[in-house]
Amino acid sequence: MSVDLTQFIPSFLEESFEGLELMESSLLNLEQGDDETINSIFRAAHSIKGGAGTFGFNHVTEFTHLVETLLDEMRDGRRNIEADDVELLLESVDCMRLLIEAIRDERECDSEKIAENSKRLEEALAASGSVMSEALTINADDAPTDNSSDIARWQIKFIPEHHLVQTGNDPLLLFNALADLGKVSLEANTKELPTLNDIDAEELYLSWQLTLHSNASEADIREVFEWVEDECELIITKEVQDQPLEAVTEAVTVVNTLEGSSQNEQADLTPPIEAHFAEPTPKNNTDKPVSKSKNDLGSIRVGVDKVDSLINLVGELVITQSMLSELGSDFDLSKVERLNAGLEQLLQNTKELQESVMRIRMLPISFAFNRFPRLVHDLSKKTGKEIELILKGEQTELDKTVMEQIGDPLVHLVRNAVDHGIEPAQVRLAHGKPEKGTIVLDAYHQGGSIVIEISDDGGGIDRQAVFNKALEKGLVDEKTTLTDSQVFDLLFEPGFSTAKEVSDISGRGVGMDVVKKNIQSLGGRIQVESEQGKGSTFRVNLPLTLAILDGQLVRVGKEVYIIPLITIVESLQPQKELINRVSGDMLLYRLREDNVPVIPIYQLFNIPCEFEHIESCLLVVVEADGQKIGLMVDDLLAQQQVVIKSLNDNYQQVQGVSGATILGDGSVAMILDVAGIIEMALTKAQINQQHQSSVQSQITRSISAGVNA
Amino acid sequence: MDIQMLAEDVPVEGEFSLEGIDFITSGDQYLTFLLADEQYAVDILCVEEIRSWGNPTRIPNSPCYIKGVINMRGIIVPIVDLRMKFNIGSAIYCETTVVIVLTVETENKTRTIGFVVDAVSDVLNVEASDIKSAPAFGGCVPQNYLQGLVNVGENVVTLLNVKVLQEIEKHQLI
Amino acid sequence: MTKILVVDDSNSIRDMVSFTLKSAGYETVEAKDGQEGLSKAQAGAFDLVISDVNMPNMDGIALCEELRKLPAFKFTPILMLTTESSGDMKMRGKAAGATGWLVKPFNPEKLLATIKRVVR
């Protein structure tokens with residue numbers, strides 16, 4: 001019997017990481033926590049140690065054993081919970097994570113760091129006088145069979161206590177196990193058996209004398225009786241020479257229950273009855289080839305309820321399908337109504353199924369939030385600022401892919417809040433604020449998107465400082481009047497940093513632009529609100545999922561395109577008097593106060609169209625990055641949800657197109673990338689700009705300010 | 001069109017009963033096709049399917065030989081007109097015009113692309129020793145696409161390197 | 001068929017134990033803590049219970065005590081999975097009515113060899 005353990009390693013790794021996360025967050029809460037907090041930390045360490053041992057990662061077991069011992073002392077109250085110990089444990093959690101990551105990535109890990117940490121753990125344990133002598137069983141112990149030793153004859157006297165069977169032990173099975181070690185013969189002693197009236201069916205009155213021919217050691221034999229040794233008298237003696245079996249002259253009772261394995265070998269009519277057991281079966285060594293467990297493919301742990309609801313829905317779908325096919329097998333016009341009802345049901349089923357499938361990809365945002373208590377704890381130590389982190393809306397669900405990619409930007413924003421947001425304690429006190437700063441991470445759903453807010457009660461953003469910096473960088477000129485939000489948007493310009501001294505926490509202002517880029521690449525946006533002296537709020541808006549999109553289908557010539565509904569401001573029939581032609585080539589459409597640049601899709605994509613003139617076209621006004629443009633299309637078609645397919649898989653990224661989808665008729669349609677289209681128009685305008693009048697360049701600048709802000 | 005059926009129609013040396021999937025041969029098998037009147041071939045193991053020409057959806061601002069994308073069982077597959085790409089013959093679309101969909105696995109991903117050709121002709125068995133290197137005289141097909149030449153009777157079949165075929169050149173817009 | 005209840009809060013250990021048992025022809029039911037173990041035990045009869053000790057909600061010792069109160073589990077073998085080889089844990093297990101224990105880490109062969117002492 002051989003089982004390939006490698007198949008369980010991914011699941012071991014996954015739960016170890018979860019355990020580490022739990023350890024970390026609980027350690028950070030230890031001060032406020034109760035007994036259960038330390039218990040849960042202990043349990044997590046304990047599970048990791050157990051799993052690591054089982055799957056043969058002995059270095060993890062060894063290291064975790066130290067951690068566990070320390071935790072055990074805390075749990076038992078033998079050790080007070082000191083800040084230093086918590087710090088040491090947090091660092092140990094990091095080490096465990098390194099060790100486990102190394103296993104996952106199949107590489108070596110920084111053993112020096114681990115060794116250093118082990119040493120400190122040992123010192124901490126030594127200081128408390130804890131005895132570290134407890135032997136650590138590392139290897140999954142293989143039965144220690146000493147093959148060199150000769151077959152010996154063992155005499156085993158087994159006198160169980162009467163209540164033995166009440167713990168679920170069964171002597172017969174023990175004898176069977178013994179038989180795995182060698183050849184067993186036995187006789188039962190029935191002397192203790194009371195008269196029938198006095199027999200208690202739940203008691204055991206027999207005792208046995210067993211003879212074992214085996215090369216096993218006494219320890220091997222004792223191991224078989226390990227679980228009952230306190231409830232029996234067990235005398236094991238070894239007879240040096242393997243002598244021929246002798247008749248044992250005692251009162252014996254045939255044990256009939258030795259299921260078919262008992263057989264009378266001796267022709268002799270006199271007892272003893274020998275029970276022959278199977279020889280130990282040779283170990284099956286045909287191990288399966290060790291399949292390398294690669295974890296590249298991400299996996300999702302899905303709640304059973306979500307799977308169940310899927311199964312239910314599929315069940316309904318099957319019913320609808322069979323109903324429809326039955327209807328179709330002999331269809332006539334009288335059944336149109338039923339057909340319609342069936343189709344309606346199909347639509348409903350499909351919709352629900354889609355939602356259910358999407359839900360599978362949704363995870364609570366706590367997965368992304370979890371790392372922040374530790375981060376803030378560390379940063380707070382580093383900066384000497386006392387900071388409380390409040391997490392809200394942790395159960396808000398978000399698509400797994402979005403979650404994975406939003407982590408880093410969030411880290412940056414939180415670091416930024418600690419570093420630039422929260423003031424040093426003296427400053428806070430001087431302003432009549434509590435010494436301890438507060439950072440709040442909040443997440444909630446709003447329409448079809450999720451909003452994540454990072455707010456601090458720090459000094460707020462110095463509007464003037466930002467403006468001056470922008471002046472210095474030549475991003476604005478003195479005469480420009482900007483709204484607050486426009487000023488704050490400057491923070492996301494590449495290379496922009498207002499910190500007077502560069503710290504190693506938020507770095508050199510590289511990042512905020514990257515943060516914005518990352519968020520945009522997820523189809524999201526970021527806004528800042530800030531009040532000087534009171535604090536700032538960074539608000540990140542993200543789509544719930546990257547896989548599905550509400551789209552407006554439009555037609556240009558023979559082509560159908562999809563415009564994400566979220567980007568559409570309005571669609572309108574252009575009125576002649578509101579169209580302005582500037583610098584020959586550029587069209588502007590007056591939309592109330594705004595002059596919206598008009599971009600004919602047919603020109604941009606070099607395709608034939610039905611109407612070349614804006615007067616006969618429809619205008620879809622879309623907005624991205626605060627910039628509005630009007631897309632010229634021939635016709636507006638339906639609005640529908642579309643599944644986004646990448647063009648990248650088999651082709652490459654296409655400018656102005658974020659992906660493709662498959663329409664109801666099976667044809668493919670391109671999904672427009674509004675931000676990309678603005679950029680394209682801009683590039684085009686910039687090329688023209690070189691030979692065009694200043695009017696044009698002004699427009700370009702205004703678009704450019706919109707795009708880059 | 002089914003490759004299997006094609007294979008059954010093709011007599012293979014030393015094998016006379018060609019039923020089911022047992023067209024046992026040595027060497028590699030290639031699917032041959034026509035671009036104008038020239039014969040080309042690709043490794044048959046890369047052939048995902050052969051389908052008739054259908055109007056694909058254009059990709060904005062793509063080179064002219066990229067005809068667009070189609071939906072092949074939920075996968076978005078770009079369509080390349082090999083005749084236009086190699087500048088052989090004229091790109092007319094008629095009844096025999098077919099698309100050979102090829103799939104190649106590279107280190108970390110698989111890529112599926114359809115290629116428009118004038119007609120699919122045969123399955124060809126080629127021993128490695130029969131493949132001759134292509135002479136480096138300039139033709140329409142760039143040298144790096146060529147895997148080699150094979151003589152079939154009077155004709156010469158050009159073996160194309162599918163991996164190179166699958167590379168989409170980065171092209172700039174506008 | 002011999003039916004075994006496997007209770008462990010660690011997925012990987014539970015999977016491993018369950019997989020090993022199944023591949024040896026046993027039928028298994030899994031539970032992720034003592035609480036779930038108890039309710040699954042109440043719902044059906046088992047020939048053996050293998051339970052971890054350290055678990056949230058209800059630990060293995062408590063589970064064992066609860067199971068022994070059920071008539072159907074009076075004689076059912078209950079094995080505890082423990083990393084602690086110390087006598088203390090074994091005594092606690094025994095006192096709660098456990099049949100025996102398996103010291104982690106163990107390998108599948110060892111697991112199968114050991115449970116033979118309590119199930120057919």
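# A tour of chains A, B and C

Begin by selecting chain A: 32% of its 709 residues count as buried. This is a predicted model, so read every position on screen as computed. Colour chain A by secondary structure and look for 19 helices and 22 strands. Now consider its contacts between residues at least 6 apart in sequence: 68% of them join residues at least 24 apart.

**Stop 1: a sheet in chain A**

Select strands β20, β12, β13, β22 and β21 of chain A. In that order they form an open sheet with mixed pairing. At the edges are β20 (635–643) and β21, each of which pairs on one side only. On average, neighbouring strands here are turned by 35° against each other, direction ignored.

Zoom in on β21(A) and β22(A). These two strands run antiparallel and are joined by five bridges. To see one facing pair, pick A:G659 and find A:I671 opposite in β22(A).

**Stop 2: where chain A touches chain B**

Show chain B as well. How many residues does each chain bring to the contact? Chain A gives 21 residues and chain B gives 18 residues. On the side of chain A, β21 (657–662) and β22 (668–672) each supply at least two residues. Colour that side by class and you will find eleven nonpolar, seven polar and three charged residues.

**Stop 3: a sheet in chain B**

Stay with chain B and select β3, β6, β7, β5 and β4. They make an open sheet of five strands in the order β3-β6-β7-β5-β4, with mixed pairing. Its edge strands are β3 (47–52) and β4 (66–72), and each pairs on one side only. The average turn between neighbouring strands of this sheet is 30°, direction ignored.

Next, keep only β5 (residues 75–81) and β7 (residues 110–117) of chain B. They pair in the parallel sense over three bridges. Pick B:D81 and look across to β7(B), where B:V116 stands opposite.

**Stop 4: strand β3 of chain C**

Move to chain C and select β3, residues 48–52. Is this strand enclosed or open to the outside? Five of its five residues are buried, so β3(C) is largely enclosed by the rest of the structure.

Turn on the side chains. In a regular strand, side chains alternate between the two faces of the sheet. Here C:L48, C:I50 and C:D52 point one way, while C:V49 and C:S51 point the other way.

Add the strands that pair with β3(C). Strand β1 (residues 3–7) of chain C is parallel to β3(C), with four bridges between them; within this pairing, C:V6 has C:I50 as its bridge partner. Strand β4 (residues 78–82) of chain C also runs parallel to β3(C), again over four bridges. There, C:V49 has C:I78 as its bridge partner in β4(C). Trace the chain from β3(C) through helix α3 (residues 60–69) to β4(C): this β-α-β crossover is right-handed.

**Stop 5: C:D52**

Finish by selecting C:D52, which lies in strand β3 of chain C. An unreviewed UniProt entry lists C:D52 for "modified residue: 4-aspartylphosphate". Why does C:D52 count as buried? The cut-off is 20 or more other C-beta atoms within 10 Å, and C:D52 has 30 C-beta neighbours inside that distance, so it counts as buried.

Which residues are in contact with C:D52, leaving aside its neighbours within four places in sequence? Select C:V7, C:D8, C:D9, C:G60 and C:L81 to display them.

Definitions and conventions:
Residues are numbered from 1 along each chain as its sequence is written. Chains are lettered from A and ligands numbered from 1 in the order in which they are written. This is a predicted model: local features need pLDDT of at least 70, side-chain atom pairs count only at pLDDT 80 or more; totals for chains, interfaces and linings use all residues. UniProt positions are given in the numbering used here, feature names are shortened, and annotations may be inferred rather than shown by experiment. A residue is buried if 20 or more other C-beta atoms lie within 10 Å of its own, exposed if 12 or fewer, and partly exposed in between; C-beta atoms are placed from the backbone. Two residues are in contact if their C-beta atoms, placed from the backbone, lie within 7 Å. Ala, Val, Leu, Ile, Met, Phe, Trp, Tyr, Cys and Pro count as nonpolar, Asp, Glu, Lys and Arg as charged, and the others, Gly among them, as polar. Two strands pair if DSSP finds at least two bridges between them. Axes are lines fitted to C-alpha atoms, for helices over the stretch in contact, and angles run from 0 to 180 degrees between N-to-C directions. A crossover is right-handed if, with the strands pointing away from the viewer, the path from the first strand over the helix to the second runs clockwise.
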